[in-house]
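Trainee: I have not looked at this structure before. Could you take me through it step by step?

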There are 2 protein chains.
Amino acid sequence: MEKKVSASVINRLPRYYRYISEIEAGGIERISSKELSRRMNVTASQIRQDLNCFGGFGQQGYGYNIKFLKSSIEKILGLDRGYTAILVGAGNMGRTFAINTKFESRGFKLIGIFDSDPKKKGVKVGNHFIKSYSEIKQFISENKPQMAILAVPKESARGVAEELIGYGIKAFLNFSYTELSMAADDVTIENVHLSDSLMRLSYKIVERENNTEQVE
Amino acid sequence: MEKKVSASVINRLPRYYRYISEIEAGGIERISSKELSRRMNVTASQIRQDLNCFGGFGQQGYGYNIKFLKSSIEKILGLDRGYTAILVGAGNMGRTFAINTKFESRGFKLIGIFDSDPKKKGVKVGNHFIKSYSEIKQFISENKPQMAILAVPKESARGVAEELIGYGIKAFLNFSYTELSMAADDVTIENVHLSDSLMRLSYKIVERENNTEQVE
DNA sequence: TAGATTGTTAATCGATTAACAATC
DNA sequence: TAGATTGTTAATCGATTAACAATC
């Protein structure tokens, strides 16, 4: 019944949330789409259009109340739901993720870290002790986490994902250097490709060098 | 003189590169846009349009030669230029980045790691020994790296960026939890926000839950 | 009330897809 | 040559921007 929200809008939501959070931290109470557009370097029109996909959070003549807008975006993004996550793979990427407190401050709760390397078992990472991968099935059935963070080697990513889907996990954040796309359409995967960002940066350097050359 | 390539196309380039690399590794010699579109889950038309922004890499009746296409995309992205990078900040994120060999295999060379914490000086990370941040000015003037990877705390990100711009760095990959956007228009910044991916994933879980509820 | 600013409709712009002639 | 598939133009679709009436 609801109109489907476009991917472009969804992609922009976290950015709105970051800016609004910063503005709130700065002690500001309200903001107009115009002023926000200036800060974020987008059009005011786009901001109003985007937010209105989810409801009217502003007020004519006043603008947007920061606290209300922030909590509204939190609801939209599900940051108020206390979703829980497990981390699979306690290599560098996995440990970095686990230790980074920002993730938990964004409304998520990491409840378990797993690794298949027996040497890592029991090692402390952040507030957690690494568990054996062999315990994962039971852990999931007891704790029912909503998401799994995959930070395993490329080769094992697909196998692990399939196994976890079998145990009922339906949402993945995938840091492995491979692109997961599972058949089941009730499974959601966000692939993170750090080297893509690096390649884009590289492209822009090339582009700039080309522009500098042509001195016509 | 050249038509400006749109951001959408540039964003897709690294993904093409990853797929083509995998296909090459699988020993395949040529591929049609149709077959590639099937694998990548995009339209063949889009693939042809995108590639033709940069030239005609295919051949009628044959398709695309994988080796040639791969090296062509490498040239477009500048992966063949031997760009060098320094890493600033040897915390978890920085070390993960430094150790991850995938970055170097993508045509970049990490030539120095810097941290302002005196305790970290001399500590080995991957093949590198962490240098003091106070040495960075001289290092840059001697080695002229094309890019800097920022993995410093949020609070210092802007200051560090400004300083490095002063030393001649013009391209940044920023992992700090803040969005850099410097005034100078000859400076390029790629911001990486890991928690944005997490929030998008969360949004999709909410969306699915909403869809499941309404059993009309 | 007058001024400000939203929510929303309409207009524009750009990106994606379809179609097909060119050609290997 | 016949079949396949590109490169590219034209058509469609969707996203962004502009405009403005509604209203706080």
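Trainee: Which element gives the largest share of the surface near DNA strand C?
Mentor: Helix 3 of chain A does, with 5 residues. A residue is near the strand if its C-beta atom, placed from the backbone, lies within 6 Å of it. Helices (H or I, at least four residues) and strands (E, at least two) are DSSP runs, numbered from the N terminus.

Trainee: What should I know about the model and its labels?
Mentor: This is a predicted model, in which local features need pLDDT of at least 70 and side-chain atom pairs count only at pLDDT 80 or more, while totals for chains, interfaces and linings use all residues. Residues are numbered from 1 along each chain as its sequence is written, and chains are lettered from A and ligands numbered from 1 in the order in which they are written.

Trainee: Back to the DNA. Which residues come nearest to strand C?
Mentor: Of the 28 residues around DNA strand C, the nearest are Gly56(A), Gly58(A), Gly61(A), Gln60(B) and Gly61(B). Two or more residues each are given by helix 2 (33-40), helix 3 (44-51), strand 2 (58-59) and strand 3 (63-65) of chain A, and by helix 3 (44-51) of chain B.

Trainee: And how do the residues of that surface divide?
Mentor: They divide into 6 nonpolar, 20 polar and 2 charged. Here Ala, Val, Leu, Ile, Met, Phe, Trp, Tyr, Cys and Pro count as nonpolar, Asp, Glu, Lys and Arg as charged, and the others, Gly among them, as polar.

Trainee: Do strands 2 and 3 belong to a sheet, and in what order are its strands?
Mentor: In chain A, 3 strands form an open sheet in the order 1-3-2, with antiparallel pairing. Two strands pair if DSSP finds at least two bridges between them. Strand 1 (30-31) and strand 2 of chain A are the edge strands, each pairing on one side only. Strand 1 and strand 3 of chain A are joined by 2 bridges, and Ile31(A) has Tyr64(A) in strand 3 as its bridge partner.

Trainee: Now the two chains. How many residues of each are in contact?
Mentor: 48 residues of chain A are in contact with 48 residues of chain B, where contact requires C-beta atoms, placed from the backbone, to lie within 7 Å. Helix 9 of chain A gives the most to its side, with 14 residues. That side divides into 24 nonpolar, 13 polar and 11 charged residues.

Trainee: Why do the copies meet through the same surface?
Mentor: They do so because 98% of the interface residues of chain A are also interface residues in chain B.

Trainee: What turn lays chain A on chain B?
Mentor: A turn of 180 degrees with a shift of 0.0 Å along the axis lays chain A on chain B with an RMSD of 0.0 Å. That is the relation of a two-fold axis. The superposition is by least squares on the C-alpha atoms of residues with pLDDT of at least 70 in both copies.

Trainee: What does chain A consist of?
Mentor: Chain A has 9 helices and 11 strands. Its 216 residues include 34% that are buried, meaning that 20 or more other C-beta atoms lie within 10 Å of the residue's own; exposed means 12 or fewer, and partly exposed lies in between, with C-beta atoms placed from the backbone.

Trainee: In chain B, which way do the residues of strand 9 point?
Mentor: Met147(B) and Ile149(B) point one way from strand 9 (residues 147-150), Ala148(B) and Leu150(B) point the other way, and all are buried. In a regular strand the side chains alternate between the two faces of the sheet.

Trainee: And what are the neighbours of that strand?
Mentor: Strand 9 of chain B pairs in the parallel sense with strand 4 (residues 84-88) over 4 bridges, and with strand 10 (residues 171-174) over 3 bridges. Ala148(B) stands opposite Ile86(B) and also opposite Phe172(B) in strand 10.

Trainee: Is Leu36(B) buried or exposed?
Mentor: Leu36(B) counts as buried because it has 22 C-beta neighbours inside 10 Å. Leu36(B) lies in helix 2 (residues 33-40) of chain B and touches Ile31(B) and Ile47(B), not counting residues up to four places away in sequence.

Trainee: One last topic. What is the phi of Asn41(B)?
Mentor: Phi of Asn41(B) is near 65 degrees, a positive value in a residue other than glycine. Most residues other than glycine have a negative phi. Asn41(B) is in the loop between helix 2 and helix 3 of chain B, and with 8 C-beta neighbours inside 10 Å Asn41(B) counts as exposed.

Methods:
Two residues are in contact if their C-beta atoms, placed from the backbone, lie within 7 Å.
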